[in-house]
Amino acid sequence: MGQAASDWIVVNELVTPGAFNMFGTTDATVQKLVPRIRGGSGDDAKQAATDLNRHLVEDGWFLPFYRMSYLHVSDGTVEITPQSGRAVPSIYNYAPVG
């Protein structure tokens, strides 16, 4: 889903205050683990990232609360394959029936 391969980049972009955490939301667990990810040794940073991930999932930091349902209409001569994450499928997801 467009996330970087580096744990620190993901944490820095999504968890620390900034564009995706515009209100600067934090808690004691995040404050304890973020510095370990940023400056810890390889194994310590990896364990801190694992612990932070578990905490964020269990606390529901990125819990989806809304998902639109879309209706695609065809006269029966066009087959439309819905595309994940898109309101309107790309042109290659439309095909003649048959």
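This passage describes helix α3 and the surroundings of His-55 in a predicted model.

Helix α3 comprises residues 42–59. With 18 residues at 1.5 Å a residue, α3 should span 26 Å, and this agrees with the separation of its end C-alpha atoms, which are 26 Å apart. Gly-60 follows the helix and has a positive phi, near 70°.

The buried residues of α3 are Ala-45, Ala-48, Ala-49, Leu-52, His-55 and Leu-56. Viewed down the axis of α3, these buried residues fall within an arc of 130° and therefore line one face of the helix. The partners against which the buried residues of α3 pack are α1 (7–14) and α2 (28–39). On the face of α3 turned away from the buried side, the exposed residues are Asp-43, Lys-46, Val-57 and Glu-58.

Among the buried residues of α3 is His-55. The relative accessibility of His-55 is 13%, and this residue counts as buried because the cut-off is under 20%. Leaving aside residues up to four places away in sequence, His-55 touches Asp-27, Thr-29, Val-30 and Trp-61. With one of these residues, Asp-27, the contact is also polar: the side chains of His-55 and Asp-27 make a polar contact at 2.7 Å. His-55 thus combines a place on the buried face of α3 with a side-chain polar contact to Asp-27.

Technical notes: Residues numbered from 1 in each chain as written. Predicted model: local features only at pLDDT ≥ 70, side-chain atom pairs only at ≥ 80, totals over all residues. Heavy atoms only, no water. Helix = DSSP H or I, 4+ residues; strand = E, 2+ residues; numbered from the N terminus. Buried < 20%, exposed > 50% of the residue type's maximum accessible area, 1.4 Å probe, protein only. Polar contact = N/O pair within 3.5 Å; in protein donor to acceptor, adjacent residues only side chain to side chain. Contact = heavy atoms within 4.5 Å. Expected span 1.5 Å × (residues − 1). Arc of directions from axis to C-beta.
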